[in-house]
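Please look over the sequence and the model shown below. The paragraphs that follow take up its charged pairs and then its nonpolar interior.

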Amino acid sequence: MIERTLSIVKPDAVAKGHLGAILSRFEKEGLKIVAAKMTWLSRPKAKEFYAVHKERPFFNSLVEFMVSGPILVSVLEGENAIKKNRELMGATNPANADPGTIRKDFAENVERNAVHGSDAPETAAIEIAHFFSGLEMSNYKRV
């Protein structure tokens with residue numbers, strides 16, 4: 001099934017110059033980038049995006065981290081895109097991530113873990129709409 005998922009390359013990975021390597025992994029695995037933009041989250045926007053975690057002890061440090069530098073937000077499209085992206089990212093804690101995954105190769109720790117990806121179709125729809133309008137999606141054929 002063709003799906004879309006949100007991907008965020010977080011401030012740590014952007015600052016270390018890993019954008020190209022991370023985007024390349026998505027494309028090599030058949031995920032098409034149909035929307036992308038660099039942005040620097042405001043504190044209110046970060047709090048709104050991560051509101052699901054507002055009662056968790058790490059919420060404030062997560063928000064502070066996400067507003068600490070620019071991020072690259074993108075929409076990935078492909079066959080089972082959500083599952084494929086999550087496999088490419090690896091476990092949330094890079095210490096537990098499989099070799100060759102983005103987090104194993106580029107993340108510092110569980111909080112500075114390089115990337116974010118939607119975890120379900122419903123979440124993907126909400127997260128994509130948080131950053132992109134339908135008009136910002138590019139529907140093109142890969143050759």
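E108 is partly exposed, its relative accessible area being 39%. The model in which this value was computed is a predicted one. K16 is likewise partly exposed, at 45% relative accessibility. The side chains of E108 and K16 form a salt bridge, with 3.1 Å from N to O. This pair links distant parts of the chain, 92 residues apart: E108 sits in the loop between helix 6 (102-106) and strand 4 (115-117), and K16 in the loop between helix 1 (11-15) and helix 2 (19-28).

A search of the whole structure gives 7 salt bridges. Another of them joins E77 to R4, where the closest N and O atoms are 2.7 Å apart. Because E77 belongs to strand 3 and R4 to strand 1, their salt bridge ties together parts that lie 73 residues apart in sequence. Is E77 buried or exposed? With a relative accessible area of 13%, E77 is buried. The cut-off for this term is under 20%. Its partner R4 has a relative accessible area of 30% and is partly exposed.

A further salt bridge is formed by the side chains of K37 and E136, at 3.5 Å from N to O. K37 is in strand 2 and E136 in the segment after helix 7, so this pair ties together parts 99 residues apart in sequence. K37 is partly exposed, with a relative accessible area of 29%, and E136 is partly exposed at 37%. Salt bridges with shared partners also join R4, K32 and E77 into one network.

The nonpolar interior comes next. In soluble globular proteins, nonpolar side chains tend to be buried together. Here the largest nonpolar core has 21 residues, of which L6, I8, M66, F131 and F132 touch the most other members. At least two residues of this core come from each of strand 1 (2-9), strand 2 (32-39), helix 3 (43-49), helix 4 (59-66), strand 3 (71-79) and helix 7 (121-131). Helix 4 supplies the largest share, 5 residues.

Which residues does F131 contact, leaving aside its neighbours within four places in sequence? F131 is in contact with L6, I8, K37, L41, K45, F49, V73 and E136. Two of these contacts, K37 and E136, are the partners of the salt bridge described above. A second core, separate from the largest one, has 17 residues, among them F26, L72, A81 and F106.

How values were computed. Residues numbered from 1 in each chain as written. Predicted model: local features only at pLDDT ≥ 70, side-chain atom pairs only at ≥ 80, totals over all residues. Heavy atoms only, no water. Core = buried A, V, L, I, M, F, W, Y, C linked by side-chain atoms within 4.5 Å. Buried < 20%, exposed > 50% of the residue type's maximum accessible area, 1.4 Å probe, protein only. Helix = DSSP H or I, 4+ residues; strand = E, 2+ residues; numbered from the N terminus. Contact = heavy atoms within 4.5 Å. Salt bridge = Lys/Arg side-chain N within 4 Å of Asp/Glu carboxyl O.
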